[in-house]
Amino acid sequence: LSIAPTNADQSEGDAGTTAFTFTVTRTGDLSGASSASFAVAGSGGNPADGDDFGGVLPSGMVNFAAGEDTQVLTVLVSGDTAFEADEGFTVSLSGALGATIDPSNDTADGVIENDDVQIISSIFLGDAPMFPSFFNRRQWVELWSDDEVTTTHVADFTDAAEDFSPVILTSVGGRFLEDGDIFFGDLGVSGVSNGGAFNQSNREIDGTEALRFELVEEAVELTFGVNLFNAEEPDTGFTEAGRVLLLDADGNVVAEEYFFADNADGLQVVTVSASEGYTQAIFNAGAFDGGEFIFGAYANADGSFATEQFEQEGVLEGSNYVLDFVEFSFGMV
């Protein structure tokens with residue numbers, strides 16, 4: 001009997017378990033059954049321990065029936081969100097019955113790769129009061145601005161010919177894209193998309209609109225608060241939903257997070273990690289139907305796709321929201 005790694009050097013994941021696999025091979029006379037014990041132990045400069053495997057270092061048996069020459073041995077590694085160095089472990093064979101163990105191939109190594117981020121600094125925008133201070137009329141502008149962040153928007157994200165234009169960090173008419181983009185201190189997109197009016201305010205992100213943040217430096221995590229975000233809203237019975245895309249410096253999508261309202265407060269806080277690093281965050285309203293993102297669509301109470309936006313009493317209804325705050329975190333994997 002001998003053992004070798006198959007898929008044993010990979011990321012641990014943030015939750016649940018990840019299967020690390022090894023192959024145990026049997027050669028020689030295969031006419032009878034045989035077995036061996038296996039045990040996992042930490043190894044290397046930063047050894048894994050029981051916590052990496054759900055509390056206990058794994059052990060057990062590998063069994064061969066007559067005629068079998070290979071068995072896949074699976075070790076389940078527990079995911080976490082702790083920033084740490086890569087951890088090593090070794091799987092060893094012993095106590096063979098009906099066979100002997102090749103002494104030069106009686107162990108195989110695995111590496112649990114860290115995929116979590118260490119936050120070093122961050123940029124926080126928003127959390128503005130409903131009305132600017134009497135003593136500082138530029139308060140909204142100051143709270144939503146940073147030299148390292150450029151904020152722009154478009155009325156139709158599906159139209160490749162439409163250019164992103166700068167947001168206006170004030171509250172004015174709100175029916176056209178060049179109008180103000182602030183609604184009682186929260187940031188949205190001015191104008192009315194898809195030819196209809198939406199609930200609450202013309203400055204919510206709705207329909208095919210998009211709000212984009214571009215960063216000078218590469219960030220690894222995004223936390224944001226969504227406001228005016230209704231779970232099972234009274235007018236429709238559906239739940240509002242949205243999406244954020246994180247793009248790297250080359251324009252590649254490195255993370256795509258769908259979110260939906262799950263409380264009666266209208267405020268939802270979401271955190272998205274992108275260990276590859278991102279320089280753009282693009283927000284849309286809508287829901288994922290299992291195959292594609294549907295702009296402006298609603299979700300069910302569990303976040304699953306419910307329906308596309310629809311017309312009710314002459315008004316086009318759909319998911320919409322504003323951002324209460326965004327925080328871009330910078331660090332390392």
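**Exercise 1.** In this predicted model, find which residues ring pairs link into a cluster.

*Solution.* Start from Phe213, Phe224 and Phe229. Add Phe259 and Phe283. Tyr321 and Phe328 complete the cluster. The count for the model comes to 20 aromatic pairs.

**Exercise 2.** Classify the pair formed by the rings of Phe53 and Phe89, and work out which parts the pair ties together.

*Solution.* Step 1: take the geometry. The ring centres of Phe53 and Phe89 are 5.3 Å apart, and the planes stand at 85 degrees. Planes over 60 degrees apart count as edge-to-face, so Phe53 and Phe89 form an edge-to-face pair.

Step 2: place the residues. Phe53 is in the loop between β4 (34-43) and β5 (59-64). Phe89 is in strand β7 (residues 87-97). The pair therefore ties together parts 36 residues apart in sequence.

Step 3: check burial. Both Phe53 and Phe89 are buried.

**Exercise 3.** Do the same for Phe124 and Phe325. Is each one buried or partly exposed?

*Solution.* Step 1: the centres lie 5.4 Å apart, with planes at 15 degrees. Under 30 degrees counts as stacked, so Phe124 and Phe325 are a stacked pair.

Step 2: Phe124 belongs to strand β9 (residues 118-126), Phe325 to strand β24 (residues 320-332). The pair thus ties together parts 201 residues apart in sequence.

Step 3: Phe124 has a relative accessible area of 41%, so Phe124 is partly exposed. Phe325 has 12% relative accessibility, so Phe325 counts as buried.

**Exercise 4.** Which rings do Arg212 and Arg243 lie over?

*Solution.* Arg212 lies over the face of Phe164, 3.7 Å from the ring centre. For Arg243, the charged end sits over the ring of Phe293, at 4.0 Å from its centre.

Key:
Residues are numbered from 1 along each chain as its sequence is written. This is a predicted model: local features need pLDDT of at least 70, side-chain atom pairs count only at pLDDT 80 or more; totals for chains, interfaces and linings use all residues. Side-chain values use heavy atoms; hydrogens and water are left out. Rings of Phe, Tyr and Trp (its six-membered ring) pair if their centres lie within 6.5 Å; planes under 30 degrees apart count as stacked, over 60 as edge-to-face and the rest as tilted. Helices (H or I, at least four residues) and strands (E, at least two) are DSSP runs, numbered from the N terminus. Buried means under 20% relative accessible area, exposed over 50%, partly exposed in between (1.4 Å probe, protein chains only). A charge sits over a ring if NZ of Lys or CZ of Arg is within 6 Å of the ring centre and within 35 degrees of the ring normal.
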